[in-house]
Amino acid sequence: MPTAAAPFVLHLPSPLGTLRLTANDTQLVSVSFPENEQKTDSDVIPAILREAEAQLNAYFAGERSTFDLPLQPQGTAFQQQVWQALQQIPMGKTDTYLGLAKRFENPGAVRAVGVANGANPWLVIVPCHRVIGGKGELVGYAGGLWRKKWLLEHEAKLSGVYQTALEF
């Protein structure tokens, strides 16, 4: 069970700009792109943040394709279901919002899937960037479409799978 301690913060330089990692004592709470915030790390950095840092560095170096980190769920049951489904999309592949909604046997839930995808607190780690529009277009990414495109191209190179044209 997660602790109630205030979150610990670590900022990580990456090819996409600085990533802000937050965690409690044992679980990763979020990964985000802090655009205009003061980048101050916690005085104490727990092991979970050091592990997340190591796994993200390995991912960006092309040495890792999946993440194995304990995550602190912070959403509704449906959001958590969507986030689990995102983790099933293999590197180098993409899915659509409709495709995910169909996995839940509810094609009418496209918007709800989009909202849950957009609420993903673990950017890069839980690969919401692998969800694209129905016609193969890049849509909706909290870190900006240029980052989404970079992530998909990075993963295509690593996996050798070039599934989509990645058009803006």
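Which residues does the UniProt annotation "domain: Methylguanine DNA methyltransferase ribonuclease-like" cover? In the unreviewed UniProt entry, this annotation is assigned to residues 13-72. The structure considered here is a predicted model. Within it, the span 13-72 is 23% helix and 17% strand, and the C-alpha atoms at its two ends lie 23 Å apart.

Helix α1 comprises residues 47-60. Its 14 residues reach 20 Å from the first C-alpha to the last, close to the 20 Å expected at 1.5 Å a residue. The buried residues of α1 are Ile48, Leu49, Ala52, Glu53, Gln55, Leu56, Ala58, Tyr59 and Phe60. An α-helix has 3.6 residues a turn, so residues three or four places apart point the same way. The packing partners of the buried α1 residues are the strands β1 (8-12), β2 (19-23) and β3 (28-32), together with helix α5 (145-159). Just after α1, glycine 62 adopts a positive phi of about 80°.

Helix α5 likewise agrees with the expected geometry: at 1.5 Å a residue its 15 residues should span 21 Å, and its end C-alpha atoms are 21 Å apart. Buried positions in α5 are Arg147, Lys148, Leu151, Leu152, His154, Glu155 and Ala156. These buried residues pack against α1, α3 and β5. Histidine 154, located in α5, has a relative accessible area of 10% and is therefore buried, the cut-off being under 20%. Apart from residues up to four places away in sequence, histidine 154 touches Tyr59, Phe60 and Gly62. Of these partners, Tyr59 and Phe60 are listed among the buried residues of α1, while Gly62 is the glycine with positive phi just after that helix. A positive phi, of about 75°, is also found just after α5, at glycine 160.

A further helix pairing involves α2 (residues 77-86) and α4, whose axes are 9 Å apart and meet at an angle of about 80°. The two helices are therefore roughly perpendicular to each other. On the α2 side, the contact is made by Phe78, Gln79, Val82, Trp83 and Leu86; on the α4 side, by Ala112, Val113, Ala116 and Asn117. By class, seven of the residues in this contact are nonpolar and two are polar, with no charged residues.

Two other positions in these helices were examined individually. Alanine 85, in α2, is buried, with a relative accessible area of 8%. Beyond its neighbours within four places in sequence, alanine 85 is in contact with Leu100, Arg103 and Phe104. Alanine 85 and valine 9 are separated by 76 residues in sequence and by 27 Å in space, C-alpha to C-alpha. Glycine 114, in α4, is partly exposed, with a relative accessible area of 25%.

The UniProt annotation "active site", also from an unreviewed entry, covers Cys128. Cysteine 128 is situated in the loop between α4 (110-118) and β5 (131-132). With a relative accessible area of 4%, cysteine 128 is buried. When neighbours within four places in sequence are set aside, the contacts of cysteine 128 are Leu86, Asn117, Asn120, Leu123, Tyr141 and Lys148. Among these partners, Leu86 of α2 and Asn117 of α4 also take part in the contact between those two helices, and Lys148 is one of the buried residues of α5.

Backbone conformation was also considered outside the glycines. Most residues other than glycine have a negative phi. Valine 124 has a positive phi of about 75° although it is not a glycine. Valine 124 lies in the loop between α4 and β5, the loop in which cysteine 128 is also found. At 1% relative accessibility, valine 124 counts as buried. The C-alpha atoms of valine 124 and glycine 114, ten residues apart along the chain, are separated by 17 Å. Glutamate 105, likewise not a glycine, has a positive phi of about 55°. Glutamate 105 is placed in the loop between α3 (97-103) and α4. At 74% relative accessibility, glutamate 105 counts as exposed, whereas valine 124 is buried.

Technical notes. Residues numbered from 1 in each chain as written. Predicted model: local features only at pLDDT ≥ 70, side-chain atom pairs only at ≥ 80, totals over all residues. Heavy atoms only, no water. UniProt positions renumbered as here; feature names shortened; annotations may be inferred. Helix = DSSP H or I, 4+ residues; strand = E, 2+ residues; numbered from the N terminus. Buried < 20%, exposed > 50% of the residue type's maximum accessible area, 1.4 Å probe, protein only. Contact = heavy atoms within 4.5 Å. Axes fitted to C-alpha atoms, helices over the stretch in contact; angles between N-to-C directions. Parallel < 35°, antiparallel > 145°, perpendicular 65-115°, else oblique. Nonpolar A, V, L, I, M, F, W, Y, C, P; charged D, E, K, R; others polar. Expected span 1.5 Å × (residues − 1).
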